[in-house]
Amino acid sequence: MVNLLKSRKVPAFFNNPSSIIANEYEKIRINLEFSSFETKSRVLIITSPGFGEGKSTTVANLAVSLAQEGKNVLLIDTDVKDPTIHKMFKMKNAIGLTNFLSGQKKMEEIVNRTEIARLKLITSGPVPHDSEKIFKSRLMETLITEGLKQYDYVLFDSPPVLEGDEAKVVASRCEGVILVIRNGKTEDTLALEAKKSLETSNAKLLGVILNGKPRGFFKKNK
């Protein structure tokens, strides 16, 4: 488990790569790369038990960190009902993932460049009639297969685990899951329920990130 400072600034690496928060994301990136080497996990979903626990902030900064270390990264927003990744990177969300999964667009038509050279982004796109159905589609498998051919890492942001079945569907198709919980907010019972729910879906939990630790924690532990 890695602790993060309380911060909503994203992406921290892009704004201030020498900040304390950026250093914490770098620790996560290093741990992730070790884990990926051991487990051969390059398709990862970052999720949380509920809303407001920092999963989108975490996956955005992790993607930036990996890209700035020379990895080619594809970041995909699957939180179609409450998307935020496109806002962090100041992009429009008129066309995105759901257009591809519904057969309306080709993959190359939905991949966006970002200001970070090796980081590409697929926004969530319009809200579909049945998001769970399209996440189970053959085209979702095609997206992951093609992503693995072109990128070192494919990272998914997702809806919260306990707010529907979409996160579990996507997690079951990924090679690993990172669960983000928030200090002082996430109840132990909900964290355990999310873990159990992911395991029931045959998802592979790689680790947990504790988000929102007070800044004094780091000062006292220097």
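## Two lysines with positive phi

In this predicted model, K90 lies in the loop that connects helix 4 (85-88) with helix 5 (97-101). The phi angle of K90 is near 55°, a positive value in a residue that is not glycine. K90 counts as exposed because its relative accessibility, 76%, is over the 50% cut-off.

K40 is placed in another loop, between helix 2 (20-39) and strand 2 (43-47), and its phi is likewise near 55°, again positive in a residue other than glycine. With a relative accessible area of 66%, K40 is exposed.

## The chain as a whole

The chain comprises 11 helices and 8 strands, and 53% of its 222 residues count as buried. When contacts between residues at least 6 apart in sequence are considered, 79% of them join residues at least 24 apart.

## Strand 3 and its partners

Strand 3 is largely enclosed by the rest of the structure, because 5 of its 5 residues are buried. In a regular strand, side chains alternate between the two faces of the sheet. Here V73, L75 and D77 point one way from strand 3, while L74 and I76 point the other way, and all are buried.

Strand 3 (residues 73-77) pairs with strand 5 (residues 119-122) in the parallel sense over 4 bridges, and with strand 6 (residues 153-157), also in the parallel sense, over 5 bridges. Within these pairings, L75 stands opposite L121 in strand 5 and has L155 as its bridge partner in strand 6, whereas I76 stands opposite I122 in strand 5.

Strand 5 is also joined to strand 4 (residues 112-113), in this case by 2 bridges and with the two strands running antiparallel. The connection between strand 4 and strand 5 is a hairpin through 5 residues, and N112 stands opposite L121 of strand 5.

## The nonpolar cores

Nonpolar side chains tend to be buried together in soluble globular proteins. The largest nonpolar core of this model holds 33 residues, of which I76, F135, L143 and F156 touch the most other members. Helix 9 (residues 166-173) supplies the largest share of this core, with 4 residues. A second core, separate from the largest one, has 27 residues, including I21, V59, L75 and Y153.

Leaving aside residues up to four places away in sequence, I76 touches L97, I122, L143, V154, L155, F156 and D157. I76 and L75 both belong to strand 3, where L75 points one way and I76 the other; I76 is named in the largest core, and L75 in the second core.

## A buried aspartate without a salt bridge

D77 is found in strand 3 and is buried, yet it has no salt bridge. The nearest side chain of opposite charge belongs to K55, at 6.4 Å, so the pair falls outside the 4 Å cut-off for a salt bridge.

A polar atom of the D77 side chain does lie 2.9 Å from the backbone nitrogen of D79. Not counting residues up to four places away in sequence, D77 touches P83, T84, I85, L97, I122, T123, S124 and D157. Among these neighbours, L97, I122 and D157 are also touched by I76.

Definitions and conventions:
Residues are numbered from 1 along each chain as its sequence is written. This is a predicted model: local features need pLDDT of at least 70, side-chain atom pairs count only at pLDDT 80 or more; totals for chains, interfaces and linings use all residues. Side-chain values use heavy atoms; hydrogens and water are left out. Buried means under 20% relative accessible area, exposed over 50%, partly exposed in between (1.4 Å probe, protein chains only). A nonpolar core is a set of buried Ala, Val, Leu, Ile, Met, Phe, Trp, Tyr and Cys residues joined through side-chain atoms within 4.5 Å. Contact means heavy atoms within 4.5 Å. Two strands pair if DSSP finds at least two bridges between them. Lys and Arg count as positive and Asp and Glu as negative; His and the chain ends are not counted. A polar contact is a pair of N or O atoms within 3.5 Å; within protein, one must be able to donate a hydrogen and the other to accept it, and residues adjacent in sequence count only if both atoms are side-chain atoms.
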